[in-house]
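Q: Please take a close look at the interior of this protein for me, and walk me through how it is packed. I would also like to know which loops around it deserve a second glance.

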Amino acid sequence: MKAMILAAGKGTRVRPLTYDLPKPMIPILGKPVMAYLVEYLASYGVREIMVNVSYLHHKIEEYFGDGSQYGVQIGYSFEGYTNERGEVVAEPLGSAGGMKKIQQFGHFFDDTTIVICGDALIDLDLASALFEHKNKGAMASVITKEVPWDKVNNYGVVVMDQDGRVQSFQEKPEQHEALSNFASTGIYIFEPEVIDLIPADTMFDIGSELFPLMAKKNLPFYAQQRFFNWTDIGTVTDFWSVLQSVLQGHVAQLDIPGKQIADGLWAGLNTSIDWHGTTIEGPVYIGSGCRIDAGCKIVGPTWIGNGSHICSGAQVERSVLFEYTRVLGDARLEEVIVFKEYSVNRGGEMRRLSEARVQDWGDARDRLLEPVTSLE
């Protein structure tokens, strides 16, 4: 069995995180989400993985390399070109179009292939899903998960008969129009013949174009109804919610890194905490090289990235701070994500530091304009 990780998208709905990171590199507990997927595939004996890349492709390639650290082989297919000014221009071909390019180049897809979007955490029983796929003689299988009816407008839903054969798709239907509440999870199992259906040198999408084509042709195309954990990072709000769940221990097999130094509190190496007047209510993770001044209040679930500095009097509640964030004295950050010069609240409203009327945070690598006030 082979694997394909779809990683070429720009991740516009996860901005500002994707201003500087490709979506598969968004960290969960300090590790890119795609790293969990590679480890997952390796655990099922998948050893050959292709990844289509485009936007900020070098960050994925530099991190994962040839895959040897995971016991797998990873290859990359870049989608884009270099213009006349020598600038690299990202130009994704669509999820299906990217697979067709790989097949034309080296005929990689000569075996059953699992296709996974590079922006989700999953614990699908792959062996069971593969057995069902083979047992039904499927050319393609889409893994679905039942979602609440009032949430169907957030997903592409699959309409199937009683045997699981796919009849049609609905892309984010309103609840009163939805014919199904089984969402496509972006996990597929393909036989090589599926790739033959994709037109060459054409932008082509799996969900909106390839699958409707297969349903129209009445090919052996099935949906599987699976019960498993599927955590999709579709938006910034999703990312905030995922971190909240992970820190509370609601996501299986994801352990908070560092050393537990108090009830509900984990810390990385060489972290300095001045406990004079400081209150920390877990679950909280404080990364390596962080400095927590006296008189701070930190309420979990909160993640504080490596090298950050929480100044005296600051309050951080249910938030995610990326590396080298300095929260200034007397500032209050509540239910936000802070990423470099941007902050985003849980509703998705973004604020840029240079445009903010009150500057509550900054870069911990900069010198403070004023000395930190000590409460000792």
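**A look inside the model**

A: Let's begin with where to be careful: over residues 371–376 pLDDT stays under 50, and for this stretch the model has 11 contacts beyond four places in sequence. The whole structure is a predicted model. For the protein overall, the mean pLDDT is 87, and 97% of the residues reach 70 or more.

Now to the interior. In soluble globular proteins, nonpolar side chains tend to be buried together. Here the largest nonpolar core has 59 residues, and the members that touch the most others are Ile 28, Val 38, Leu 41, Ile 49, Phe 64, Ile 122 and Phe 239. The element that gives the most to this core is helix α2, residues 33–43, which supplies 9 residues.

That helix is worth finding on your screen. α2 is mostly covered, with 9 of its 11 residues buried. The buried ones begin with Val 33, Met 34, Ala 35, Tyr 36, Leu 37 and Val 38, and Tyr 40, Leu 41 and Ala 42 complete the list. Val 38 and Leu 41 are therefore buried, each with a relative accessible area under 20%. After α2 comes Gly 45, which has a positive phi, near 80°.

Next, pick out Ile 28. Leaving out residues up to four places away in sequence, Ile 28 touches Val 33 and Tyr 36, and also Leu 121, Ile 233, Phe 239, Val 242, Leu 243, Val 246 and Leu 254. Two of these partners, Val 33 and Tyr 36, are among the buried residues of α2. Another partner, Ile 233, sits in the loop between β15 (230–232) and α8. Ile 233 counts as buried because its relative accessible area is 2%. To get a sense of the distances, compare Ile 233 with Gly 45, the glycine that follows α2: they are 188 residues apart in sequence and 26 Å apart in space, C-alpha to C-alpha.

Apart from this core lies another one, of 29 residues, which includes Met 50, Val 115, Val 142 and Phe 211.

What about empty space? Rolling a probe the size of a water molecule over the atoms shows where empty space is left. In this structure there is 1 cavity of 30 Å³ or more. The largest cavity has a volume of about 80 Å³. Its lining is made up of Pro 27, Ile 28, Leu 29, Gly 30, Phe 239, Leu 243, Trp 303, Val 320, Phe 322 and Glu 323. Two elements give two or more residues to that lining: β2 (27–28) and α8 (236–247). By type, the lining residues divide into 8 nonpolar, 1 polar and 1 charged. So you meet Ile 28 and Phe 239 again, since both line this cavity and both are listed among the best-connected members of the largest nonpolar core, where "buried" means under 20% relative accessible area.

From here, let's step out to the loops. Most residues other than glycine have a negative phi, and most peptide bonds are trans. Several places in this model go the other way. The bond from Gly 282 to Pro 283 is cis, with omega near 0°, and Pro 283 lies in the loop between β19 (279–281) and β20 (284–286). Gly 300 and Pro 301 are also joined by a cis peptide bond, with omega about 0°. Pro 301 is placed in the loop between β22 (297–299) and β23 (302–304).

Two residues other than glycine have a positive phi near 55°: Asp 201 and Glu 335. Their surroundings are worth setting side by side. Asp 201 is in the loop between α6 and α7 (206–216), and with a relative accessible area of 73% Asp 201 is exposed. Glu 335 is in the loop between β28 (332–334) and β29 (336–339), yet Glu 335 counts as buried, at 17% relative accessibility.

Glu 191 is another acidic residue to look at, in the loop between β13 (182–190) and α6 (193–196). Its relative accessible area is 14%, so Glu 191 is buried. Beyond its neighbours within four places in sequence, Glu 191 is in contact with Thr 112, His 133, Lys 134, Ala 138 and Met 139.

For contrast, finish at Gly 249, in the loop between α8 and β16 (259–262). Gly 249 counts as exposed because its relative accessibility is 54%.

How values were computed. Residues are numbered from 1 along each chain as its sequence is written. Side-chain values use heavy atoms; hydrogens and water are left out. On a 1 Å grid over the protein atoms alone, a cavity is a set of points where a 1.4 Å probe fits but cannot get out, and a pocket is an open set with protein on both sides within 12 Å along at least five of seven lines; lining residues have an atom within 4 Å of a point. Grid points are joined across faces, edges and corners, and a volume is the space filled by probe spheres set on the points. Helices (H or I, at least four residues) and strands (E, at least two) are DSSP runs, numbered from the N terminus. Ala, Val, Leu, Ile, Met, Phe, Trp, Tyr, Cys and Pro count as nonpolar, Asp, Glu, Lys and Arg as charged, and the others, Gly among them, as polar. A nonpolar core is a set of buried Ala, Val, Leu, Ile, Met, Phe, Trp, Tyr and Cys residues joined through side-chain atoms within 4.5 Å. Buried means under 20% relative accessible area, exposed over 50%, partly exposed in between (1.4 Å probe, protein chains only). Contact means heavy atoms within 4.5 Å. pLDDT is the predictor's confidence in each residue, from 0 to 100.
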